[in-house]
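User: I'd like to learn how to read a few features of a model like this one. Could you walk me through them, with a case for each?

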Amino acid sequence: MTKPSLPDLLHAAVSAVGGTERPGQVAMAEAVAEAIDDNSHLLVQAGTGTGKSLGYLVPALAQGERVVVATATLALQRQLVERDLPRTVDALHPQLRRRPQFAMLKGRSNYLCLHRLHEGVPQDEEEGLFDPFEAAAPTSKLGQDLMRLRDWSDETETGDRDDLTPGVSDRAWAQVSVSSRECLGASKCAYGAECFAEAARERAKLADVVVTNHALLAIDAIEGAPVLPEHEVLIVDEAHELVSRVTGVATGELTPGQVNRAVRRSAKLVDEKVADQLQTAAEGFERVMELALPGRLEEIPEDLAYALMALRDAARAVITALGSTRDRSVQDEDAVRKQAMASVETVHGVAERITQGSEYDVVWYERHEPRGGAAYRHSGASLRVAPLTVSGLLREKLFTERSVVLASATLKLGGDFNGVGASLGLAPEGTTGDDLPVWKGIDVGSPFDYPRQGILYVAKHLSRPARDGDRGDMLDELTELMQAAGGRTLGLFSSMRAAQQAAEELRTRVPELPILLQGEDTLGELIKNFAADPKTCLFGTLSLWQGVDVPGPSCQLVVMDKIPFPRPDDPLMSARQKAVEEAGGNGFMAVAATHAALLMAQGAGRLVRATGDRGVVAVLDPRLATARYGSYLKASLPDFWYTTDRNQVRKSLAAIDAASEAANA
């Protein structure tokens, strides 16, 4: 039987999802198929509207080996499992003569734990957190959530938190879920046979395509105990997010609240002497943390070193004692012991990692705004440790055993793939050597006509933004642009404080244009309300730079208040920058400019989401036009028509606004 051709398969899949075949999608599918055949690696930049998911799903399903697809957002995971995969499998079946199975797999804490639900949470005596009266009162929000979860547990097939609509608070979910460390294990648990997380793993083992997230992919790579089934092909979608997700998973944290929780959880289970040792160490740590000033610790101060060694040794003693003692008077002893062990092991692991002092780790103090969360109730400060770089880890764990395809709308920064490649542990494209993964980068373009659909406007006449300086001229400019656009504005700000100040000021200046502010409602609600009314504007920070998909007339002006360089006092970014400089490289370009270019490319990508979209991306930071690095940043953005003429832009915005009004009249 002749093997079906890739163009035929792609055509069938595109027709099935009601899409339009695009040259970029065909080029992408061919490049993915080639990388899989050669067992090599591919970085593919595919602009919005290319039909990226079919561009990798079709060649991946056609080759017949097991595939893992890792995405950064829940929205894309759901789209793949609920829409793209079922339709594609159905469409390819007549030609492939088989029906590949697919499954979704997430971390254990995303699934309802039946043991927790039926046996309750091991009592924690945490002030107010588990108030039995409140928990029992069905009138309280927590009580209502828990009753709804109990009802849902009887009807759900997956136990997956994301299948519960409307959702419940993190606090309610924490009472019915466990981390992998707290889990008793299927063989020891009375509910092991019905466990939702175990069922998801079993489905994944049998599936040809497993859809997961970057965090689980990182855990699989870092922790050595495989979570994902063995696979021959790995596809990382939204790949521009991978490095920060892996860094997040590899970051350890200690707070006084967390240490005190470990003390409370273990005190009842070990003898008094061992419990007192941990209690004393916790008090010493808390005293040091009360004096903590935010910033990087290049050397560990003596008082902190003593406190951490005491914590490490006391935690180790508790872990040994927990393993050898039994107390039948404790109700549901196994679960209580497992929860205590998980808490103490985390404290021990982070304390040991920091006292060992690897040159590849960055350690810093961070202070938190008081926000009532249990972990920060005690001191508002945390001690954190993160890897200086994850590139070596990714090179070793990601690119050795399988073919890897990394896809995103933004991977090509400053004109090539080498910047993103370096962060993933890849040598510059075309470099050969024994241990070097072989890869290539391909930009399949975009179906949009960027020079005709969009304008990139840089407000060159404004003063340079100074850190925390007054930006009155920027607010004047923003007001005029929003008025010219008739609302329709997505405001992307480099800090929450800047977004709040701008929203406050503009709500008084232009009361006729409603302004929504991130944090005042859930992100989903804000985006829905922004899309529903063209006059409405939406202001916010990081998650809006990459989480908004509003085609049509509601988003015709995307404003960036300034180039989103990392803060100069960001301990991890500044440590990474310094390391590049010490190795003879340009730290600013490799770290700060790359970070800014990625965010700006993502932010500018919010403007044109469909072939009929028109609008302006306005950068209210003159450095994009005047600084040496400006050309690198501009080369990372879509190829919009470029201007610094403020009058021209106002006219264009007014014309786009008028055209939208006329179309909707």
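Analyst: Sure, and keep in mind that this is a predicted model. Let's start with Arg-623, which counts as buried because its relative accessibility is 11%, and the cut-off for buried is under 20%.

User: Which residue does Arg-623 form a salt bridge with?

Analyst: The general idea is that side chains of opposite charge can pair when their charged atoms come close. Here the partner is Asp-621, with the closest N and O atoms 2.7 Å apart. Asp-621 is buried as well, at 0% relative accessibility. Elsewhere, shared partners tie Arg-312, Asp-313, Arg-316 and Glu-352 into one salt-bridge network.

User: How many salt bridges does a search of the whole structure find?

Analyst: It turns up 35. One of them joins Arg-646 and Glu-480, whose closest N and O atoms are 4.0 Å apart. That pair links distant parts of the chain: Arg-646 belongs to helix 27 (residues 646–664) and Glu-480 to helix 19 (residues 472–485), 166 residues apart. Arg-646 is partly exposed at 32% relative accessible area, and Glu-480 is partly exposed at 33%. For another case, look at Asp-569 and Arg-567, whose side chains meet at 3.1 Å, N to O. Asp-569 is partly exposed, with a relative accessible area of 42%.

User: What about charges on the surface: which residues form a negative surface patch?

Analyst: Look at Glu-65, Glu-230, Glu-232 and Glu-401. Take Glu-230 as the example: you'll find it in the loop between helix 10 (214–222) and strand 5 (233–236). Glu-230 counts as exposed because its relative accessibility is 69%, and exposed means over 50%.

User: Now helices. How many residues of helix 3 are buried?

Analyst: Twelve of its twelve, so helix 3 is mostly covered. Among them are Lys-52, Tyr-56, Pro-59 and Gln-63. For length, helix 3 (residues 52–63) reaches 18 Å from its first C-alpha to its last, close to the 16 Å expected at 1.5 Å a residue. Just after helix 3, Gly-64 takes a positive phi of about 85°.

User: And which residues are buried in helix 7?

Analyst: A useful general idea first: an α-helix has 3.6 residues a turn, so residues three or four places apart point the same way. In helix 7, the buried residues are Leu-142, Gly-143, Asp-145, Leu-146, Leu-149, Trp-152 and Ser-153. The span of helix 7 (residues 141–155) agrees with expectation, because its 15 residues should cover 21 Å and its end C-alpha atoms are 22 Å apart.

User: Where do I find a positive phi in a residue other than glycine?

Analyst: Check Glu-238, with phi near 50°. Glu-238 lies in the loop between strand 5 and helix 11 (242–249), and it is buried, with a relative accessible area of 14%. Asn-39 also has a positive phi, about 60°, although it is not a glycine. Its place is the loop between helix 2 (23–38) and strand 1 (41–45).

User: Last one: is the peptide bond from Thr-165 to Pro-166 cis or trans?

Analyst: Omega is the angle to read, and here it is near -10°, a cis bond. Pro-166 is found in the loop between helix 7 and helix 8 (170–174).

Notes: Residues numbered from 1 in each chain as written. Predicted model: local features only at pLDDT ≥ 70, side-chain atom pairs only at ≥ 80, totals over all residues. Heavy atoms only, no water. Patch = residues over 30% accessible without salt bridge, like charges linked within 9 Å, V, L, I, M, F, W, Y side chains within 5 Å. Areas by Shrake-Rupley, 256 points an atom, 1.4 Å probe, with all protein chains shown as cover. Lys, Arg positive; Asp, Glu negative; His and termini not counted. Charge placed at Lys NZ, Arg CZ, Asp CG, Glu CD. Helix = DSSP H or I, 4+ residues; strand = E, 2+ residues; numbered from the N terminus. Buried < 20%, exposed > 50% of the residue type's maximum accessible area, 1.4 Å probe, protein only. Expected span 1.5 Å × (residues − 1).
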